[in-house]
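Work through the exercises below on one interface between two chains. Each task is followed by its solution.

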Amino acid sequence: MAVKYDKRVRVIFAGLGGHGALAFGELLTEAAARSYKYVSFVPNYSPMMRGGESETMIAASQEEIDSPVWREADVIIVTSPTGFRVAEQRVSPGGILIVDDSVVREKAEREDIKVFYIPARRIACETGDPLTANFILMGAYLEATKAFPVEILEETIESTSKGTSRERLLSANKRALHEGINLIANYKEQPL
Amino acid sequence: MSQKTAITKKLICKRPTFRMLPLGFCSGCHYGIIYRLLDEVIEEMGIKGDAICIGGGGCSMIGAMAMDIDTFGGPHGPGTAIASALKRVSPNAFIFAVQGDGEQGAIGLGSFVATAARGENITVITMNNACYGMTGGQLAPTTLLGMVTPTTPEGREQVMSGYPMHGPELVAPLKGVAYAARGTVHTPANRQKSKKMLKTAFQKQQQQLGFGVFEFLSACPTNWKISPTDCIQFIEEKMLPEFPLGQFKNIERKE
Amino acid sequence: MTERILSTGNDAVARAAIYAGCKNYFGYPITPQSEIAHYMARELPKMGGCFLQSEGEYAAAYMLLGAALSGQRAFTSTSSPGVALMQEPLSMMITAEIPAVIVDTQRLGPGTGTGGQQGQTDYSFVTRGVYGGIHYPVLAPYSVSEIFELVQLAFHIADKYRVVTMVLTDFILGRMTEYMELKTFDFGPLPEKDWALKGKDRKGGRTDFLLTVTGMMLDIPGFFAHQQEKSNRIIDSETRYETYKAEDADFLIVGYGYAARASKRAVNMARDQGIKAGLFRPITLWPFPKEAMKREALKSGKVLVVEDSPGGLVEDVKLAVEGVSPVHFLGIQARHTASPEGLIFPERILQEVRELL
């Protein structure tokens, strides 16, 4: 039985502890589980819960997932300045790299991948909710890949935050999600 | 003669039923007396059918093997942890752990104190002979200052090995502890007093008041390297000043 | 219809124990498996079960022993250094034939290790048995749903043979989320626990004495003969393994736990490139599937062992293969060290396969 590589989602969020990689991964996994028969989610972080390199790998497929861990991913969202170069190398050819350029100063060098620079952290801080930066990136991911309709994500945010401390951030998170979508929809290539 | 026999019969209780006799303790050792006391109290309280003994690893285990109740034995030190869990999963059973002073005061000290602090509804019986009996009489936490053992060849010195440890007094201030006391069996009068205290300790578990600990002082002629009769004198003159007898805690109801 | 839920590996351990009818948990916090304790602390009191956080791993395993003495199912979970602290109680339980289950969610490395890091460095330590020369079964799942199944199986094996049974997972398996089906597995009938300590009134007046002092209860050769006979029965009946695309493979990758998942993907990637690779995965690490390993190695001709350690599984594979084919090794030094903790990725395994062709 050959595995079809085209019918699947494979995403990495590479950040630092506190950047929301875990929340991003959990949310995307929950959302993916509504459309895909198989999902896997691996949180992978250094011993430091805060400030250390933190990475999550999310996969979804209609067929059984052979491995939940891989070096190459179709889409990588990176918010870690120290992890940026490695993240760039790990995007599959033809894949997408989404960079929070309010945190990461470097620019990508590869030409065989699509790169989006989204100042998510700065925008989130300006709106007064720095914690929503990962939701801006989620919106950017959705719009850049069209992997899921935004409604599924909104539903997932609602159902997973109900009764938790995250409920307070519900409307801010949803707003951030749309902010990210708009940023990609109106994205202009930056001159090199 | 016949009159004397009658008096004796009155004084001494029914012979306890042991699963295995003889017990195999060294001559002059007090562990046999202590185990007999344990058995008497268990029979008198009518809890033989519910009782489970967690023996340790050391001389104390030999007696545990002989008791005609459900028993487990062998590991050196963790008796209080084992007893805690067994009591929690079988609350209707009567659980007591028998420990040597080395098990309680050294290797098993962490579990002993933690179990007392949790207020586990179990009873711990300590046998304090001021040395490690089975391994050759080495320095125990309870060894008296000046006592010669294979690991204190010049006698226990405070600068080298610190002061003797007092188990019941150590845990008595903890809120989870319902009963803490010490007794001895080196005279008939003390034997009877100890029996009474032992019974009280057991009653705390029946009344679900919390952790109970009762320490017996015991002779160890083999390792003390003196005669059984000299051991009695040693307990009287050397051990009693260091290890006071009596109750250090005895609560009647839970706070 | 069985319910299909998303669960982490650690939660799957806890859920499986409850599905297996185990209501008693004892443990001491240690990353990366504390979530198991969190789950049990939340759920067991509701069911009238016993959750107790101990004063250390040594005490936790002795509490496990204490609860298991009652004849009830009990389990503990810990991670590598914790397993070291549990060695004495494990040996005591195996000696006195007290059944219980222990889950080791491995973390990386010797010493303190690193709580937040993946590693498979416990293999040799846990598969060689306890001090005293006696083995115990070790089951190695590689997915969340398999964790759920094998933890239940571990309880069955423990009760069937009166032995401690270990389930060996790792940081990745414990923390990862996948789908699993909630169901109770029926592994067949079990002997009555007539040896349990309950107090003689509950046993028709009979008393039992369970002793860990080997020499005092049985003659020494008799004790070991009994243990050997039991080990043989476990080897005959419980050895488990799985192959993937191994039928026509001329290159066999061997791995367990997360490394088997990465290897499985490497097999698929190799097949896409026209390389006939296959996977052999021991599910029981002890008893190790020696005969099957040798048979498959002989068939494919080339063997590559992939494990995230300096080498443990590779020793068992070499012993099993008995030189019929070369055995190569891809270990901890093949980690992709630039990522936060560095894993052996499928891409790296494929590269090794290509180099060895």
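A polar contact is a pair of N or O atoms within 3.5 Å; within protein, one must be able to donate a hydrogen and the other to accept it, and residues adjacent in sequence count only if both atoms are side-chain atoms. The model is predicted, so local features need pLDDT of at least 70 and side-chain atom pairs pLDDT 80 or more, while totals for chains, interfaces and linings use all residues. Residues are numbered from 1 along each chain as its sequence is written, chains are lettered from A and ligands numbered from 1 in the order in which they are written, and side-chain values use heavy atoms, without hydrogens and water.

**Exercise 1.** Count the polar contacts and salt bridges between chain C and chain A.

Step 1. The rule finds 9 residue pairs in polar contact, both at pLDDT 80 or more.
Step 2. It also finds 1 salt bridge (a side-chain nitrogen of Lys or Arg within 4 Å of a carboxyl oxygen of Asp or Glu).
Step 3. C:Arg265 and A:Asp66 form a salt bridge through their side chains, at 3.4 Å from N to O.

**Exercise 2.** Find which element of chain C gives the most residues to the side that touches chain A.

Step 1. Elements are DSSP runs numbered from the N terminus: helices (H or I, at least four residues) and strands (E, at least two).
Step 2. Those giving two or more residues are β1 (3-8), α8 (171-175), β8 (177-182), α11 (257-272) and α14 (346-356) of chain C.
Step 3. α11(C) gives the most, with 8 residues.

**Exercise 3.** State how many residues each chain brings to the contact.

With contact meaning heavy atoms within 4.5 Å, chain C brings 30 residues and chain A 33 residues.
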